[in-house]
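Here is a friendly walk through the structure shown below. Keep the viewer open as you read, and look up each place as it comes along.

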Amino acid sequence: MADLTTEFLGIKSPNPFWLASAPPTDKEYNVRRAFEAGWGGVVWKTLGAEGPPVVNVNGPRYGVIHGADRRVLGLNNIELITDRSLEINLEEITRVKKDYPDRAVIVSIMVPCEEQAWKDILPKVEATGADGIELNFGCPHGMSERGMGAAVGQVPEYIEMVTRWCKQYYSKPVIVKLTPNITDVRLPAAAAKRGGADAVSLINTINSIVSVNLDSMSPEPSIDGKGTHGGYCGPAVKPIAMSMVSEIARAPDTAGLPISGIGGVTTWRDAAEFITLGCGNVQVCTAAMTYGFKVVQEMISGLSQWMDEKGHTSIQDFMGAAIPNTTDWQYLNLNYVAKAEINQDDCISCGRCYAACEDTSHQAIAMSSDRKFTVIDAECVACNLCVEVCPVENCITMVEQKPGTVDARTGKTVVDDYANWTTHPNNPGAVAAE
Amino acid sequence: MNSQMTPGVTARRLNDDSLRENFGDLHAPLQPHEAAVAADRCYFCHDAPCVTACPTDIDIPLFIRQISTGTPEAAATTIFDMNILGGMCARVCPTEELCEQACVREVAEGKPVEIGRLQRHATDTLMAKGVHPFERADETGKTVAVVGAGPAGLSCAHRLAMLGHNVALYDARPKAGGLNEYGIAAYKSTNDFAAKEVDWLLAIGGITLENGKALGDALNLDGLARDFDAVFLSVGLGGVNALGIDGGENDSVIDAVEFIELLRQTDDLATLPVGRNVVVIGGGMTAVDAAVQSKLLGAQNVTIAYRRGREAMSASRYEQDLAASHGVQLLFNVQPKAVLNGGSSTQIELEYTAVTNGKLAGTGETLSLSADQVFSAIGQTLTTDGGLVLEGGKIAVSERGRTNRSKVWAGGDCASGGNDLTVTAVAEGRDAAMDIHATLMGGVE
């Protein structure tokens with residue numbers, strides 16, 4: 001079985017699956033249960049400054065987008081940082097870390113953007129023996145109205161400033177958690193790096209209203225007839241998270257900066273994908289909140305099996321492996337030609353490919369009177385829509401047209417050469433090939 | 001109290017609890033969440049094969065999508081728009097041979113979308129609210145007589161009334177509904193559904209129902225054709241084929257149709273007598289309904305004897321399996337030869353059959369079964385043709401239901417074509433109504 005041991009910023013954990021700073025990691029009881037279930041590490045629910053803790057609403061905190069059979073596809077929440085006192089949290093962190101020395105314990109922190117506030121809290125956190133801190137610059141609701149969370153994460157200068165304080169007053173690794181509620185995630189990531197951050201983690205949750213009650217006309221979750229935007233997470237946000245992760249991994253300013261991947265990790269496969277885009281580990285929340293802590297067992301067994309099948313002996317073997325293949329549109333090979341092909345043995349004649357192509361795409365699928373569906377090569381642009389709407393996996397595939405064959409749509413012979421938009425004759429800014 | 005083993009023919013073989021359980025709903029209705037999950041399996045196929053397979057062309061993908069988006073009432077309207085008896089059809093259609101057989105998921109994984117149960121979920125939801133989803137068009141001043149208030153007649157009458165015509169609906173029986181009321185196994189139409197459905201359907205208005213009036217008796221075709229602008233005949237098949245064997249007149253030989261009717265109309269199943277040993281002759285749905293219900297009433301040994309092989313049986317494989325799962329023995333390639341003796345030791349003698357040169361004939365080899373009751377279910381015949389031209393023993397009609405006589409249309413089991421299914425009768429009634437409408441309005445829309 002593959003070795004899943006992960007060393008992230010020098011912090012060892014038995015596997016790359018950490019629980020994200022969120023309700024599941026709010027207290028000792030939960031975290032002990034998580035470690036017993038097999039989680040490699042936790043990022044403790046965000047601590048605030050000393051004094052009276054924040055209060056939460058006393059009505060619903062969560063809203064969900066459901067798929068078939070009430071599968072949780074997206075979750076949103078309006079919960080704030082920990083509403084328990086700093087002292088209790090610190091005591092509990094100390095006890096848990098002492099009892100689980102082999103697991104990663106990271107403390108998430110959110111205090112005002114004043115040097116003194118950080119100067120006050122960091123030594124106390126350091127005293128717990130926790131392995132590192134994560135700066136919550138991402139929480140998009142409630143705390144951001146008070147000038148913290150996403151309000152900081154949206155101003156690169158603040159990120160850099162606070163990160164610098166943390167590196168000054170704290171000796172262990174500092175992870176900066178980024179908000180996706182921003183135009184270009186590379187800027188805050190670069191700011192964190194300039195401030196001395198050891199890593200970034202992303203994404204935090206996305207501004208969202210998951211539903212509106214059509215009787216009460218209130219956004220949900222509804223508190224006494226009123227709702228507010230919450231933070232969106234779960235499987236639905238994974239594509240957004242992976243894109244942002246890849247941008248940071250690819251940008252010259254931030255390439256090589258360790259990344260902890262967050263956003264909709266639900267299965268081992270999701271985790272593997274984040275890691276191939278440059279993440280050193282992943283953080284999970286919604287999957288645990290949906291299925292309980294036991295879900296990590298599938299993640300562990302699945303990742304191990306896949307690594308064994310691929311011959312990977314450690315996470316390092318495939319970390320960032322997809323980054324070289326992640327590029328800009330302008331560098332995609334325009335000489336590559338594919339055509340859809342329908343396997344008639346697998347086809348169940350539902351006609352979804354036909355409806356999708358005929359109504360919304362390129363009229364490239366023919367339907368016979370006896371419901372046989374075939375691709376019209378002269379029309380097919382290989383858009384892949386038929387592949388994705390077909391209910392039978394691998395029934396429709398995209399077949400590469402070999403060099404030397406003629407593309408029935410364009411009448412041109414497929415060539416082996418690579419050619420992209422930058423040199424295409426239709427591109428007004430094209431650079432003529434010498 | 002008797003038991004299954006009490007000899008002869010007797011009532012009260014089972015206690016009330018067992019009877020109640022046995023004659024409960026064959027398929028429990030889907031709960032809303034079950035319906036949502038079942039609906040989600042529909043692929044919303046293009047030009048869907050299930051629609052093609054439905055004799056009434058219900059837009060199945062659309063109504064299922066309406067269920068999945070939380071609007072079962074809209075789904076019901078989609079169904080009723082094509083099939084006003086969609087509630088009954090959801091219960092009695094052999095979906096395994098129609099929509100569900102054509103479902104692409106049947107092709108893909110052998111498990112079709114549960115179209116029948118979803119249809120029932122939608123129609124039950126709307127009907128439970130007492131809502132009739134259609135309104136009549138402005139009155140046309142035209143009148144139509146519909147003779148026979150079974151599925152074809154009800155469907156035709158409703159559509160005509162909706163289009164603004166006034167309909168006089170006649171039926172020979174004390175209750176409307178035809179085979180829905182009298183001829184379907186009790187566990188397929190529980191809680192008096194057939195009668196409730198008729199009341200709901202008549203809520204469209206413009207239809208006057210007169211019971212106890214039969215063609216050839218209180219009504220005659222010449223009079224109807226004179227008094228009304230059009231006539232639609234949907235009188236069904238009133239006659240029952242006789243066995244035509246030695247001892248066929250024996251008291252122990254009973255029409256399966258009568259037995260089924262008795263089961264449907266009784267107030268107390270416990271009072272119905274049934275034999276310890278029952279043999280049903282036939283291979284259709286009526287045979288299965290009679291056999292299964294005999295078993296459910298407490299008969300100890302029930303056998304369906306069919307003269308051809310399993311594949312030729314008109315009862316679907318699903319119905320055959322339903323019978324077998326209730327403990328009914330299916331005996332193929334045997335034909336009745338004689339009913340022997342009377343009284344408590346009645347036997348039926350069966351002869352094995354074989355097909356030689358395309359002809360079915362007895363082989364000479366026989367077997368005997370104890371048979372306190374023999375139910376005959378070998379088909380029904382037209383009893384009232386109104387002097388119309390026949391085809392294959394039924395009133396000859398065109399695709400639109402026209403008979404050889406002007407102003408007279410026919411549909412349902414009494415008319416040629418079709419397949420004796422409720423859903424087909426509904427389609428024929430509806431389509432004839434559209435043709436009557438077009439004819440009466442002279443092409444004016």
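Helices and strands are DSSP runs, numbered from the N terminus, with at least four residues for a helix and at least two for a strand. With that in hand, B:C93 can be placed in the loop between α6 (86-92) and α7 (99-102) of chain B. Please keep in mind that this is a predicted model.

## Three places in chain B

Let us stay with B:C93 for a moment. Is this cysteine buried or exposed? A residue counts as buried under 20% relative accessible area, and B:C93, at 18%, is therefore buried. Leaving aside residues up to four places away in sequence, B:C93 touches B:L98 and B:V423. B:T271, in turn, is 178 residues from B:C93 in sequence, and their C-alpha atoms are 30 Å apart in space.

Next comes B:S316, which sits in the loop between β10 (301-305) and α16 (317-325) of chain B. Its relative accessibility is 1%, so B:S316 counts as buried. Which residues does B:S316 touch, once those up to four places away in sequence are set aside? They are B:E96 and B:E97. For a contrast, turn to B:G442, in the segment after α17 (422-440) of chain B. Exposed means over 50%, and B:G442 is exposed because its relative accessibility is 61%. The C-alpha atoms of B:G442 and B:Q380 are separated by 37 Å, with the two positions 62 residues apart along the chain.

## Chain A as a whole

Now for chain A, which has 12 helices and 20 strands. Why can its overall dimensions be said to agree with a compact globule? For 434 residues, such a globule would have a radius of gyration near 22 Å, and chain A has 25 Å, which agrees. Along the principal axes, the C-alpha atoms of chain A fill a box of roughly 75 × 60 × 50 Å.

Of the 434 residues in chain A, 50% count as buried. Among contacts in chain A with a separation of 6 or more, 70% come from residues 24 or more positions apart. The chain exposes about 19900 Å², and carbon and sulfur atoms supply 51% of that area. Chain A also carries 36 positive and 52 negative charges, whose mean positions are 4 Å apart.

## Two helices and their packing

Helix α5 of chain A covers residues 156-169. How far should its 14 residues span? At 1.5 Å a residue the expected value is 20 Å, and the end C-alpha atoms are 20 Å apart, so the two agree. The buried residues of α5(A) are A:P156, A:I159, A:E160, A:V162, A:T163, A:W165 and A:C166. These buried residues pack against α3 (115-126), β8 (132-136), α4 (150-153), β9 (174-177) and α6 (186-194) of chain A.

Helix α11 of chain A, residues 352-360, has A:C353, A:Y354, A:A356 and A:C357 buried. What covers them? The cover includes the strands β17 (338-342), β18 (365-367), β19 (373-375) and β20 (396-400), along with helix α12 (385-389), of chain A.

## Backbone details in the loops of chain A

Two peptide bonds deserve a look in your viewer. The bond from A:L202 to A:I203 is cis, with omega near 10°. A:I203 lies in the loop between β10 (199-202) and β11 (206-208) of chain A. A cis peptide bond also joins A:E220 and A:P221, where omega is about 0°. A:P221 belongs to the loop between β13 (218-220) and β14 (230-233) of chain A.

That loop between β13 and β14 of chain A also holds A:D224. Although A:D224 is not a glycine, its phi is positive, about 50°. A:D224 counts as exposed, because its relative accessibility is 79%. A positive phi, near 60°, is found at A:R70, a residue other than glycine. Where is A:R70 in chain A? A:R70 is in the loop between β5 (62-66) and β6 (72-77). With a relative accessible area of 56%, A:R70 is exposed.

Notes
Residues numbered from 1 in each chain as written. Chains lettered and ligands numbered in written order. Predicted model: local features only at pLDDT ≥ 70, side-chain atom pairs only at ≥ 80, totals over all residues. Heavy atoms only, no water. Rg over C-alpha atoms; globule rule 2.2 N^0.38 Å. Buried < 20%, exposed > 50% of the residue type's maximum accessible area, 1.4 Å probe, protein only. Contact = heavy atoms within 4.5 Å. Areas by Shrake-Rupley, 256 points an atom, 1.4 Å probe, with all protein chains shown as cover. Lys, Arg positive; Asp, Glu negative; His and termini not counted. Charge placed at Lys NZ, Arg CZ, Asp CG, Glu CD. Expected span 1.5 Å × (residues − 1).
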